[in-house]
Amino acid sequence: MSPSLWLLPALPAAAGALLIPMRRAAPALSVATAAVTLGLAGHAAVTRPSATARLILGEGLAVDGLSAVMVVTVAAVGLAVLVFAAAEQRSGRFHGLMLIFLGAMLATVTATDLVLLLMGWEVMGAMSYALIGYRWRDRERVRSGAVAFVTTRAGDLGLYVACGAALAAGGGLGLAGLPGLPPPWRDVVAGGVVLAALGKSAQGPFAFWLSRAMAGPSPVSAFLHAATMVVAGAYLLLRLHALLAATGWAAAVATWTGAVTALLLGLVALAQRDLKQLLAASTCAQVGFMVLAAGASAVSGGTAHLVAHAAVKSLLFLAAGAWLAALGTKDLAGLHGAARRFPLVGLVFGVGAAALAGVPPLSLWVTKDAVLSGVAQPGPRVVAFAAGLLAALYAGKALAEVWRPADAATGSGGERRAAGRVAGPELLPLPVLALVAAGFGIVGLPALHGWWSRLVGDPGAPGLTAGELALSGVPALALVTAAIAVRPGTAALPYAGGVFRGWLGLERAARAVVWRPLLGAARWAAWFDERVVQGAVEAVARAGLRAARLAGNPFEAGLDGLVRRAGGAVRRLGGLARRPQTGQVHTYFAQAAVALVVLAVVFAIVR
């Protein structure tokens, strides 16, 4: 057991709390803390420590193969993002919140029980609200943060249900023991976990909150919504894939939800005219592959895809943030010529976009196929394969827009003052992320596949064949080329209409189906409480007062009179008793003599 493992999440969390009120020194201290945290994560990944504490039921942290990969990924991306943010000289509040979020994510991925997992999960949710609404004077941004927070909180209720069901089953709260719980408690736990994971990872009907989350600064999007919070749900499902498989139905739900989300949100990404919205929708789509992998128990491929996607999407979001700072816009039409004007940013963005498209030999080409190779069911596999090809179209669209020559539309759609340049320190993390985005797929190739599968606890994972890689790589390359060749200025291809641009109307549907009925029920409950319940209580009180008055009128006067007469009699007796008290001895002697005579007479009569 290694108590020092507690330092891994505690250091960034404590440092973040101290940095919030700071100003000038905050960026440097933030980067230094993130660097030390990365060192601790690397040490933990090598030594695989564990630690327990008696907080409630004997909670603990542990680093195994799967969590070793995650702690290094989270800490590395956190450092890269904070280096980028330090170049913008953001406030201590920003850096402090980011570090607290980093600590919460590290606690989540190393937790061995539902209690600590839930603690980290909740802190992530709170920090996401604060960071999405970071510019708190802008009401729309704060509203977006509230929408994201409420939506994820709705899913988070599933973890509370899971905790309650695990306790009711008597099996404890340890993650390792959840697959062995007896039914129906096991099914309730699985349902709660799936609900919480889908909410956090913006899957299925929860996807719309990620669109709202783009109101936050670009470093927030790069960290929270590419490498940490959004993938936390997918990580949880990968961690508990045995629980999903034990129920059967939960695995099927995760499999189909991931596949369908990957396809539909790919169409949403294709329809976007805003670069950050395109990247957000593509995040939902790519996380869908991870959820699909968890449902199919393809842990090796799902984890590889998670790590590769974290590097790719962090790179793309930071590049978008650099252009937003330099040009003042994230509108695709306004970014015409951006890659030509800032060639280094354009080059690394090109690497990230090509990787996102699944172009050989870049990382997501391999990791996506590693996921598909682990899916036995033909239906979800076909849907996910189509979603993978769709990624080539929306990634190609983004490439075409930023690399086309500047024109009259360049700079349009500005939402902030343009700096006109990209700060040097902002460029530091981009080549490193581009290197990982390009090369991480090597873990899925035959030479390293066995080692990687054993590392993440999936030694039986099937390897990839050259035919499988060619089947996805060649069409992806062709589709990217076609997307670039199609009239470059097209904001949305003809088959991607307004429904997809509006994120399938999911937010409107959620408001109509869930939010408004809940508000209506709340208003009705408030009316019922005020008018019926409170009215009944007040009516009972009024009736009691009236009854008291009615009862007091006939009897109060008589009772008061009786009490007054009794008191008067006692006073009179007291007055009579005081009269013999004269203070004269002969009077007392006479009284005693009389008393003795009376006693003698009484005694004689009684005898």
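Begin by selecting helix α7, residues 185–200: its 16 residues reach 23 Å from the first C-alpha to the last, close to the 22 Å expected at 1.5 Å a residue. That expected span is 1.5 Å times one less than the number of residues. Helices here are DSSP runs of H or I with at least four residues, numbered from the N terminus. The model is predicted: local features need pLDDT of at least 70 and side-chain atom pairs count only at pLDDT 80 or more, whereas totals for chains, interfaces and linings use all residues. Residues are numbered from 1 along each chain as its sequence is written, and side-chain values use heavy atoms, with hydrogens and water left out.

Within α7, colour the buried residues, among them Arg-186, Val-189, Gly-192, Leu-198 and Lys-200. Buried denotes under 20% relative accessible area, exposed over 50%, and partly exposed the range in between (1.4 Å probe, protein chains only). Continue past the end of the helix to Ala-202, which follows α7 and has a positive phi, near 55°.

**From Ala-202 to Thr-261**

Select Thr-261 next, in helix α12 (residues 249–271). Thr-261 is buried, with a relative accessible area of 3%. Leaving aside residues up to four places away in sequence, Thr-261 touches Ala-202, Gln-203, Gly-204, Gly-266, Cys-284 and Ala-285; contact means heavy atoms within 4.5 Å. A polar atom of the Thr-261 side chain lies 3.0 Å from the backbone nitrogen of Gly-204.

**The salt bridges of α6**

The whole structure contains 14 salt bridges, each defined as a side-chain nitrogen of Lys or Arg within 4 Å of a carboxyl oxygen of Asp or Glu. Display Glu-140 and Arg-143, whose side chains meet in one of these at 2.6 Å, N to O. The two residues are three apart in helix α6 (residues 139–169) and are therefore separated by about one helical turn. An α-helix has 3.6 residues a turn, so residues three or four places apart point the same way. Both partners are partly exposed: Glu-140 has 40% relative accessibility and Arg-143 has 42%.

Keep Glu-140 in view and add Arg-212, since the side chains of this pair also form a salt bridge, at 2.8 Å, N to O. Arg-212 belongs to helix α8 (residues 208–213) and Glu-140 to α6, so the pair ties together parts that are 72 residues apart in sequence. Arg-212 is buried, at a relative accessible area of 15%. To see the whole arrangement, add Glu-507 and Arg-511, which are linked with Glu-140, Arg-143 and Arg-212 in a network of salt bridges.

Further along α6, select Arg-153 and Asp-156, which lie three residues apart, about one turn of the helix. Their side chains meet in a salt bridge of 3.7 Å, N to O. Here Arg-153 is partly exposed, with a relative accessible area of 22%, while Asp-156 is buried at 0%.

**The nonpolar patch**

Finish at Val-537, in helix α24 (residues 506–578). Val-537 is exposed, with a relative accessible area of 54%. Add Trp-524, Trp-527, Phe-528, Val-532 and Val-533 to the selection: together with Val-537, these residues make a nonpolar surface patch of about 570 Å². Patches consist of residues with over 30% relative accessible area and no salt bridge, like charges being joined within 9 Å and nonpolar side chains (Val, Leu, Ile, Met, Phe, Trp, Tyr) within 5 Å. Accessible areas come from the Shrake-Rupley method with a 1.4 Å probe; for residues, only the protein chains shown count as cover.

Note on methods
Polar contact = N/O pair within 3.5 Å; in protein donor to acceptor, adjacent residues only side chain to side chain.
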